[in-house]
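Work through the exercises below with the sequence and the structure at hand. Try each task before reading its solution.

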Amino acid sequence: MTPRIRPNVLGMRPYSPGKPIEEVRREFGLDRIVKLASNENPWGPSPLALDAMRSAVEDLSRYPDGAAHDLRTAISQHFNLPMNQIVVGNGSDELIRMLGLVLICSEEDEVVMGDPSFVQYAAVAGLAPCKLIRVPLDGAQTHDLDAMANAFTDRTKIVFVANPNNPTGTVVGKTELDAFMKRIPEGAVLVLDEAYFEFANAYLPNYPSSQDYLSTDRVVGLRTFSKAYGLAGLRVGYGFFPAWLSDAMERVRSPFNVNSLAQVAGVAALKDTAHLAKTLSGTKIALDRLMSIFERVGAKATKSYANFVWADLGRPARPVFQALLEHGIIVRPGDILGNEYAVRVSVGTPEDLDVFEAALVETMKEAVAR
Ligand SMILES: *Cc1c(COP(=O)(O)O)cnc(C)c1O
C-alpha cells in the first residue's frame, strides 16, 4: 500500500515535450539533427545575456535575489509599468500554474480556453481541479471569441487566450478583443498569453498588446524570454498583473523561483536589440519559406504571426512525423495538439529548412506511393 494520490492528479497526463535531440540521435544513429519542434530560437541565445551569465557564475554559492529586484526593475522600465504589477516566474509556465492556484476556489469553477490552444491551460483545471471548457477555434484556426464569450457563466474564473495562439500562430485583432473584454464576467480574469509578443508586434500593425488592457484590472499579460530572446533552457518568464492579483501571486510564489543566472540574463536580453532584430528578420524569412514549402507539398498552412507554422497535410501526420525523424528532423505531430492531420513546424535557419524541405518532399511522395 502506498499513500493515496489526489484523484484529479491521476487524471492528468505528464507533459509530452518535443522529442529531445539526443534521443533522436541515439535512436536513428544520425549525425545531424534539425529540431523544429519546440518553437525555440534557431539563432541561439542573446549574446549579451550569455556575457552577463559568464560574469555571474562566480556568485552561484549565493541564493538569488528572491524579489528579482533588478530584473523586475528592468522590465518595469522597459514597458513603463509600476514594479508592483510585474511578477517573474520559472518560465511563464510557472505563472500559468500559479494563476490556477490563486484564482480557482471550487470544483464548480470554470476555466475557458480555445481548442486547440496551449496544453498547460488544461493542466490548470486538472490540478485545481475544476471544470475545463474548451471552445473550438473558428474555420480560420483563430480563437472564436464570440463562442468563448457565449460559454461564460458566473462560475468562469480564468479565460486563457494565447495571442498569437499556439499551435496555430493566429492572432485576434484589436476590435474583437475590445468587444470580448466587455463580455469578461465580473468574477473572471482574462489571461492574454503573449509568449510570441515580439513576433506579432513586429509583423502585424495594430497588434493588441495586453498592456492596453491593464487598466481594466481584469487582464493579465504573460511574456517569456524563451522564444524571441532564445533563453528557453534558462526558464524565465514574466507577467503584467493587476496589483490585487500580483499581491496574491507573491504570496504563492516559491521563494527563489527565478535563478540568479536567469535574472541577470533577462536584464541583459531586454537590452539586446541587435539579437532581437536578427531573430525577427530571420523568423520572417523562415515563415515565408515554410509557407512555400507547405504549398509545394499540397498542405494547407495557416498564416502565422509567431515563430512556427501549423499545416494540415491532408493525411494522418503521425507517419509523416515518423518518416521525418528517420531523416533527423523533429517536428510536432498534430495528434497530440488536437488535429491528427496537422503538424506544427518551428522556424529554422535557411540550412535547417533546406534539409526539412528535401525530407518533407520525399516523405510526402512516399506516403502517396504507399
Ligand atoms: C512557449 C510557450 C509558453 C511557455 O514559455 P516558458 O516561458 O518557456 O514557460 C507559454 N505559452 C505559450 C503559448 C507558449 O507557446
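## Exercise 1: Strand E8 and its neighbours

Strands E7 and E8 pair in the antiparallel sense over four bridges. The model used throughout is a predicted one.

Task: Find the strand that pairs with E8 over four bridges besides E7, and state which residues stand opposite each other.

Solution.
Step 1. Strand E2, residues 86-89, pairs with E8 in the antiparallel sense, over four bridges.
Step 2. On the E2 side, valine 87 stands opposite glycine 239 of E8, and glycine 89 stands opposite glycine 237 of E8.
Step 3. On the E7 side, glycine 221 stands opposite phenylalanine 240 of E8.

Task: Sort the residues of E8 and of E2 by the direction in which they point.

Solution.
Step 1. In a regular strand, side chains alternate between the two faces of the sheet.
Step 2. E8 covers residues 237-240; Gly237 and Gly239 point one way, while Tyr238 and Phe240 point the other way.
Step 3. In E2, Ile86 and Val88 point one way, and Val87 and Gly89 point the other way.
Step 4. Are these residues buried or exposed? The four named in E8 are all buried, and so are the four named in E2.

## Exercise 2: Serine 246

Task: Locate serine 246 and list what its side chain reaches.

Solution.
Step 1. Serine 246 belongs to helix H10, which spans residues 243-252.
Step 2. Its relative accessible area is 3%, so serine 246 is buried.
Step 3. The side chain of serine 246 reaches two backbone oxygens: that of asparagine 84 at 2.5 Å and that of alanine 243 at 3.2 Å.
Step 4. Leaving out residues up to four places away in sequence, serine 246 touches Asn84, Gln85, Val87 and Phe241. One of these, Val87, is the E2 residue opposite glycine 239.

## Exercise 3: Asparagine 39

Task: Describe the surroundings of asparagine 39.

Solution.
Step 1. Asparagine 39 sits in the loop between E1 and helix H3 (47-56).
Step 2. With a relative accessible area of 1%, asparagine 39 is buried.
Step 3. Which side chain does asparagine 39 meet in a polar contact of 2.7 Å? The partner is the side chain of serine 346.
Step 4. Not counting residues up to four places away in sequence, asparagine 39 touches Asn166, Tyr196, Lys227, Asn307, Phe308, Arg344 and Ser346.

## Exercise 4: Salt bridges

Task: How many salt bridges does a search of the whole structure find? Examine three of them, giving the distance and the burial of each partner.

Solution.
Step 1. The search finds 18 salt bridges.
Step 2. Arginine 32 forms one with aspartate 352, with the closest N and O atoms 3.2 Å apart. This pair links distant parts of the chain, 320 residues apart: arginine 32 is in the loop between helix H2 (21-28) and strand E1 (34-35), and aspartate 352 is in helix H14 (residues 350-369). Arginine 32 has 43% relative accessibility and therefore counts as partly exposed, whereas aspartate 352, at 15%, is buried.
Step 3. Glutamate 40 forms a salt bridge with lysine 35, and here the closest N and O atoms are 3.0 Å apart. Glutamate 40 is partly exposed at 30% relative accessibility, and lysine 35 is partly exposed at 22%.
Step 4. Glutamate 194 forms a salt bridge with arginine 223, with the closest N and O atoms 2.8 Å apart. The two are 29 residues apart and link distant parts of the chain: glutamate 194 is in the loop between strand E6 (189-193) and helix H9 (197-203), and arginine 223 is in strand E7 (residues 219-224). Glutamate 194 is buried at a relative accessible area of 0%, and arginine 223 is buried at 0% as well.
Step 5. Which residues are joined into one network by salt bridges that share partners? They are Arg289, Arg296, Asp354 and Glu357.

## Exercise 5: Helix H13 and what follows

Task: Name the buried residues of helix H13, then look just after the helix for a positive phi.

Solution.
Step 1. H13 runs over residues 317-326, and its buried residues are Ala317, Val320, Phe321, Ala323, Leu324 and Leu325.
Step 2. Just after H13, glycine 328 takes a positive phi of about 85°.

Key:
Residues numbered from 1 in each chain as written. Predicted model: local features only at pLDDT ≥ 70, side-chain atom pairs only at ≥ 80, totals over all residues. Heavy atoms only, no water. Buried < 20%, exposed > 50% of the residue type's maximum accessible area, 1.4 Å probe, protein only. Salt bridge = Lys/Arg side-chain N within 4 Å of Asp/Glu carboxyl O. Polar contact = N/O pair within 3.5 Å; in protein donor to acceptor, adjacent residues only side chain to side chain. Contact = heavy atoms within 4.5 Å. Pairing = 2+ DSSP bridges.
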